Amino acid sequence: MKIAVTDTNIFIELMKAGLLPSLFQIGYTIHTTYEVVNELLPEQRSLLDDFIRDQELIIYSFSASEITDITNQNLSPGLSFVDQGIFYYAQNQHDYFILTNDNLLRKTCKNSQIGLN
């Protein structure tokens with residue numbers, strides 16, 4: 001099974017373009033974190049409800065020890081906690097691909113040889 005982890009900006013840009021359903025047709029199971037979903041506005045979150053219910057979107061919630069691990073990563077201080085969490089999830093949990101258009105997150109993934117699309 002191919003897994004892609006997406007950050008907030010991917011959801012927002014696809015929603016703006018009316019292309020959110022296309023994300024779930026790319027041949028990957030889509031994962032994200034609770035922190036990503038929490039960054040969305042309520043009306044944006046509601047657009048994800050059907051995908052969550054149908055288990056096309058898996059939302060991961062970090063444990064307290066994982067949050068400590070995330071904050072202890074030696075990553076660029078310019079990365080938000082949410083982006084650090086995406087990186088941690090993809091690298092340490094499952095070695096999944098990351099879907100992002102955030103330049104700093106992309107560079108971090110490339111430098112760490114983490115899957116990136």
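Here is a short question-and-answer tour of the predicted model above.

Me: Before we start, what should I know about the numbering and the cut-offs?
Reply: Residues are numbered from 1 along each chain as its sequence is written, and side-chain values use heavy atoms, with hydrogens and water left out. As this is a predicted model, local features need pLDDT of at least 70 and side-chain atom pairs count only at pLDDT 80 or more, while totals for chains, interfaces and linings use all residues.

Me: Is Phe-11 buried or exposed?
Reply: Phe-11 is found in helix 1; helices (H or I, at least four residues) and strands (E, at least two) are DSSP runs, numbered from the N terminus. Buried means under 20% relative accessible area, exposed over 50%, and partly exposed in between (1.4 Å probe, protein chains only). Because its relative accessibility is 0%, Phe-11 counts as buried.

Me: Which residues does Phe-11 touch, not counting residues up to four places away in sequence?
Reply: Contact here means heavy atoms within 4.5 Å. With that cut-off, and sequence neighbours up to four places away set aside, Phe-11 touches Thr-6, Leu-20, Leu-23, Thr-32, Val-36, Leu-40, Leu-48 and Leu-57.

Me: Which residues of the largest nonpolar core touch the most other members?
Reply: A nonpolar core is a set of buried Ala, Val, Leu, Ile, Met, Phe, Trp, Tyr and Cys residues joined through side-chain atoms within 4.5 Å. In soluble globular proteins, nonpolar side chains tend to be buried together. The largest such core has 34 residues, and those touching the most other members are Phe-11, Leu-20, Leu-23, Ile-30 and Leu-48.

Me: Which element gives the largest share of this core?
Reply: The elements that give two or more residues to this core are strand 1 (3-6), helix 1 (8-16), helix 2 (20-23), helix 3 (34-39), helix 7, strand 4 (97-99) and helix 8 (103-112). The largest share is six residues, and they come from helix 7.

Me: What does Leu-23 touch, apart from residues up to four places away in sequence?
Reply: Leu-23 is among the core residues that touch the most other members. Its contacts, with those sequence neighbours not counted, are Phe-11, Leu-14, Ile-30 and Leu-99.

Me: Which residues in helix 1 are buried, and is Ile-12 one of the partly exposed ones or a buried one?
Reply: Ile-12 lies in helix 1 and is partly exposed, with a relative accessible area of 21%. Leaving aside neighbours within four places in sequence, Ile-12 is in contact with Leu-40 and Gln-44. The buried residues in helix 1 are Thr-8, Asn-9, Ile-10, Phe-11, Leu-14 and Met-15.

Me: Which residue forms a salt bridge with Lys-16?
Reply: A salt bridge is a side-chain nitrogen of Lys or Arg within 4 Å of a carboxyl oxygen of Asp or Glu. Lys-16 is exposed, with a relative accessible area of 66%, and its partner is partly exposed at 41%. The two are separated by about one helical turn because they are three residues apart in helix 1. With the closest N and O atoms 3.9 Å apart, the partner of Lys-16 is Glu-13.

Me: Which residues are joined into one network by salt bridges that share partners?
Reply: Arg-53 forms a salt bridge with Asp-50, the closest N and O atoms being 2.6 Å apart, and these two are three residues apart in helix 5 (residues 49-53). Arg-53 also forms a salt bridge with Asp-54, where the closest N and O atoms are 4.0 Å apart. Shared partners therefore join one network, made up of Asp-50, Arg-53 and Asp-54.

Me: How far is Asp-83 from the nearest side chain of opposite charge?
Reply: Asp-83 is found in helix 7 (residues 81-94) and, leaving aside neighbours within four places in sequence, is in contact with Asp-7, Asp-102 and Leu-105. Lys and Arg count as positive and Asp and Glu as negative, while His and the chain ends are not counted. Asp-83 is buried yet has no salt bridge, and the distance to the nearest opposite charge, Arg-106, is 12 Å.
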